[in-house]
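Here's a quick briefing on a protein with a ligand in place. Have a look at the model first, then we'll walk through the binding site and the domains.

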Amino acid sequence: MVRTFAVIGDPIDHSLSPAMHNAAFLETRMDCTYIAYRVPRGDLSAGLDSLRAAGIEGYNVTIPHKVAIMERLDSVSEECSLIGAANLVHDRGGRRRGFNTDMEGFLRPLLSRNVPLSGCRVLLLGAGGAARAGASGLAARGASHIHVCNRDTGKARGLAEHCSKMGVSSSSGPLPSYVEGGFDLVVNATSVGMNGGPSPADMSRVPPGVVAYDMVYTPVRTSFLEQAEGADAATIPGWEMLLHQAALSFSILHGRDAPVPAMKRALLGVFD
Ligand code: ATR
C-alpha cells in the first residue's frame, strides 16, 4: 500500500515540499507519496483528526501552525522544547511526536559559508515559528545580541525574552522602515516578500559585508535580497533552508539519509 505524507498550513498552494519529498521517494524507490493539505488557522485540531483518520503518519507543519501545534503533541524533541515550535510531526500508535528541523536547516547555509556566528550581532525581522527557530539556533551558536522586530511588538518582546533566557543579550521593537548599520546578520523571518511582494524593511542602505538571509523562497530573488545585493551585502536565499529542513525531515520520518541532490534538483526545477 502506498504510504502518504503531507505538509499542512494555510496558505499551502505555494509549498515546494511535495516536489522535494516526491522526488526523494522516486530516487529511493519508496512506495510513498507526499501531498499539500490546507488546514486553516483555527481549524488545527480538526485538521489533525482528519490526517489521523486518513492514516497519514508523518507531516510537516508550516504557517500559521508551528507554534500552535505544540499544545496538541504528546511528546516533543529536545529542539522543539528549546525553540517552542514544531515543523514536523510523527503520528504513530495514537501518539503525536513533534520535531523541529527548521533550526538546523537554518544554520546549515550559515555554517557552510563559514559565517562567524559567535559574537554575531543579529537583526531578526519576524517573531513567528520560523523566527523562533532562527533565534534559538543563533543563540545556541553564541550570537552576542539579537534585536527582534515584528509587526506585533508583543510577540517580538516575547521572542527577545526567549533569547535572554538562552543567555543572549536581546532587545525588541517594531519592524523598521529601513535597515542601516550595527548588525552583522539580518534575517527576514516574516512571510513578507512572498510571491513578489516588497521587502519587510528597506535593505538598500545596509553596509557592505553584512549577511542578509531571507527565509522567504518564492521568488528565489526577493526584494529583500535584491536590495541587499545592490548594497554589496552577502546574501543567502531561502531555498537553502527549505532544502535542508526537508532533508532532515526525510531522515527523521524514514530513518534513512535523504537523497539531497535529487531533492535540490526538484526544488530548483520548480523555479526554472
Ligand atoms: P512561521 O511559522 O513561518 O514563522 P508565523 O508563525 O505565522 O509563520 O509567522 C509569520 C511572521 O510573518 C510573523 O512574524 C508575522 O508578524 P505578526 O506576528 O505581526 O503577525 C509576519 N508577518 C506576516 N504577514 C505580515 C505583514 N503583512 N506585515 C508584517 N509582518 C507580517
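Which pocket does the ligand take up? The ligand fills the space of the largest pocket. Keep in mind that this is a predicted model. The ligand lies between domain 1 and domain 2, because both of them give residues to the shell around it.

**Who's around the ligand**
- The shell counts 16 residues, and the closest are Ile63, Ala130, Asn150, Arg151 and Lys155.
- By residue type, the shell splits into six nonpolar, six polar and four charged residues.

**Polar contacts and burial**
- Lys155 puts a side-chain N or O atom 2.6 Å from an oxygen atom of the ligand.
- For Arg151, a polar side-chain atom sits 2.9 Å from a ligand oxygen.
- Gly129 joins in through its backbone, with an N or O atom 3.0 Å from an oxygen atom of the ligand.
- On its own the ligand would expose 650 Å², and the protein buries 79% of that.

**The two domains**
- The domain assignment gives domain 1 as 3–100 + 241–271, so to speak in two stretches, and domain 2 as 103–236.
- Taken over C-alpha atoms, the centres of domain 1 and domain 2 are 24 Å apart.
- Where the domains meet, 18 residues of domain 1 are in contact with 20 residues of domain 2.

Note on methods. Residues numbered from 1 in each chain as written. Predicted model: local features only at pLDDT ≥ 70, side-chain atom pairs only at ≥ 80, totals over all residues. Heavy atoms only, no water. Near = heavy atom within 4 Å. Polar contact = N/O pair within 3.5 Å; in protein donor to acceptor, adjacent residues only side chain to side chain. Areas by Shrake-Rupley, 256 points an atom, 1.4 Å probe, with all protein chains shown as cover. 1 Å grid on protein atoms, 1.4 Å probe; cavity = no way out; pocket = protein on both sides within 12 Å on 5 of 7 lines; lining within 4 Å. Sits in = over half its atoms within 2 Å of the grid points. Nonpolar A, V, L, I, M, F, W, Y, C, P; charged D, E, K, R; others polar. Domains from an automatic or database assignment. Contact = heavy atoms within 4.5 Å.
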